[in-house]
Amino acid sequence: EGRQEQEYDVVVVGGGPGGSTLAALVAMRGHRVLILEKETFPRYQIGESLLPSTIHGVCRMTGVAEKLAAAGFTPKKGGTFRWGANAEPWTFSFSVSPKIAGATSHAYQVERSKFDNILLEHAVEKGAEVRFRVSVTDVLEDGDRVTGVRYTDADGAEHEVHARYVVDASGNGSRLHKRVGGTREYSQFFRSLALFGYFEGGKRLPAPNSGNILSVAFESGWFWYIPLTPDLTSVGAVVRRENADKIQGDPERALLALIDECPLIKEYLSDATRVTDGQYGQLRVRKDYSYHQTTFWRPGLVLIGDAACFVDPVFSSGVHLATYSALLAARSISSSLAGVVSEEAAFTEFEARYRREYGVFYEFLMSFYDMHVDENSYFWSAKKVTRNQHTELESFVELVAGVSSSEFDLDGAESAALRMKSKSAEFVSAIDEMSADAEGNMTPLFRSSAVRQAMQEGAQVQSRAFLGEDLGPDVPMFPGGLITSDDGMLWQPGPA
Ligand code: FAD
């Protein structure tokens with residue numbers, strides 16, 4: 001390879017949804033982008049249930065939304081939950097009222113091997129280059145600034161590549177995240193473990209909810225049940241970290257025992273058989289997945305997606321946070337390269353917005369766990385938000401502390417606990433109100449502050465993607481902060 005090929009505007013480490021979204025957006029601005037990916041695609045990944053803002057917001061902006069629509073993924077209208085005090089499952093639908101069948105009121109359930117491959121090929125179509133089977137081992141530095149990466153190719157040869165920006169999108173197994181500074185803080189509250197596999201012939205919820213994710217709380221934890229195709233279902237149990245030994249001993253037996261504990265999932269799988277070959281053939285375990293890096297960027301290096309943070313599998317926020325952070329970071333890189341705003345201002349805006357969205361989901365998910373009532377269960381009693389969860393809440397408060405946003409009203413761990421309690425109570429009464437309504441009207445849920453805040457920024461991204469300049473000028477999210485350009489691709493200075 002010639003020396004010239006080793007110079008790029010942006011090097012992206014990892015070709016998952018975060019990396020390929022960022023690569024597409026920056027390449028669309030005419031910059032030279034290289035993606036370095038450890039595997040060959042398609043490759044397996046977990047994280048199959050998506051939210052609408054990924055599809056109709058970020059993926060519409062990159063132009064990949066039409067390809068996704070044509071790929072035949074299961075349309076997901078929302079989630080059905082056996083969760084909380086109600087014995088009967090209740091349904092959260094993305095459309096505010098069943099009477100409004102809006103074009104954007106669905107997401108997809110995706111086989112990630114296919115979804116990630118479509119996004120990566122699209123990034124290449126938009127001008128990014130990709131190298132597979134290359135493992136990035138470290139960053140290159142010049143003083144305080146990151147100036148590139150070092151990687152090993154499939155033959156074991158070492159290479160260096162230089163770039164004005166390095167994006168770490170290499171997921172939870174990132175080897176670079178430490179190089180941004182700060183530490184990776186693991187959550188005590190979400191400290192769970194997931195055991196999952198795939199089944200053929202599982203039952204489906206009745207129409208119109210047959211494409212919904214089904215989430216079922218039971219004594220030891222909760223199950224996800226995701227209809228990937230008419231025949232294929234992703235099934236996973238989330239349990240306490242303390243049960244790790246039991247699961248690692250014989251995962252097959254452990255999963256069957258957990259299914260036995262949960263009558264609804266057992267009934268849905270009564271005619272199903274577990275897939276035992278191909279990419280879905282093995283049972284997998286994931287743990288230590290809830291964490292955040294205390295800082296998200298330094299000059300020349302930025303973390304997005306799971307490399308930066310992840311909350312918890314409940315409520316499908318992972319790919320949303322990965323693609324949303326990719327959009328924010330792409331704006332910062334493109335604006336900085338174009339010289340429209342300073343690097344410092346551009347990445348401060350990236351970090352503040354990303355922390356805010358992480359914080360919103362963090363609170364939402366914590367209050368979501370809090371609402372399930374099972375006093376006798378070890379799992380669920382540990383998932384009650386108490387004022388004693390000081391280290392957890394302090395670390396959360398610290399994370400969002402840089403964000404001057406009234407909705408967080410941060411006077412420390414104690415007030416954070418109270419806020420989550422009240423959100424949880426409000427959520428429970430919204431579910432009761434909704435369940436009591438014969439028409440299944442969603443309005444009470446969308447009025448509750450927990451849901452409203454969690455959906456707000458995603459809805460804004462969708463509106464921008466659909467309406468562009470017709471949406472009107474953006475307003476700063478933070479006092480003195482930047483605003484989004486009409487096409488959503490850049491930051492620009494806020495009104496003076
Ligand atoms: P990834 O998808 O992890 O992609 C990172 C890429 O980087 C990979 O392709 C990897 O091969 C590559 N890479 C890694 N190291 C290197 C290296 N050194 N050099 C080069 N390349 C490298 N999210 C949802 O939205 N919905 C769900 O239903 C959901 N369920 C989940 C269930 C569980 C149990 C867990 C743990 C997570 C779940 N998630 C879910 C979260 C979701 O999996 C992630 O948030 C999402 O995949 C993050 O995308 P990413 O692009 O940041 O990283």
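Colleague: How does the shell around the ligand split by class?
Modeller: There are 15 nonpolar, 13 polar and 8 charged residues. Ala, Val, Leu, Ile, Met, Phe, Trp, Tyr, Cys and Pro count as nonpolar, Asp, Glu, Lys and Arg as charged, and the others, Gly among them, as polar. Bear in mind that this is a predicted model, where local features need pLDDT of at least 70, side-chain atom pairs count only at pLDDT 80 or more, and totals for chains, interfaces and linings use all residues. Numbering runs from 1 along each chain as its sequence is written, and side-chain values use heavy atoms, with hydrogens and water left out.

Colleague: Why do you say the ligand lies between domain 1 and domain 2?
Modeller: Domain 1 (3-74 + 101-187 + 290-351) and domain 2 (192-287) both give residues to the shell, so the ligand lies between them. Those bounds come from an automatic or database domain assignment.

Colleague: What makes the pairing of S49 with the ligand a polar contact?
Modeller: A polar contact is a pair of N or O atoms within 3.5 Å. A polar backbone atom of S49 is 2.7 Å from a nitrogen atom of the ligand, so the pair fits that cut-off.

Colleague: Why is the pair of F81 and W90 called stacked?
Modeller: Rings of Phe, Tyr and Trp (its six-membered ring) pair if their centres lie within 6.5 Å; planes under 30 degrees apart count as stacked, over 60 as edge-to-face and the rest as tilted. F81 and W90 come out at 4.9 Å centre to centre with 25° between the planes, so stacked is the right word.

Notes. A polar contact is a pair of N or O atoms within 3.5 Å; within protein, one must be able to donate a hydrogen and the other to accept it, and residues adjacent in sequence count only if both atoms are side-chain atoms.
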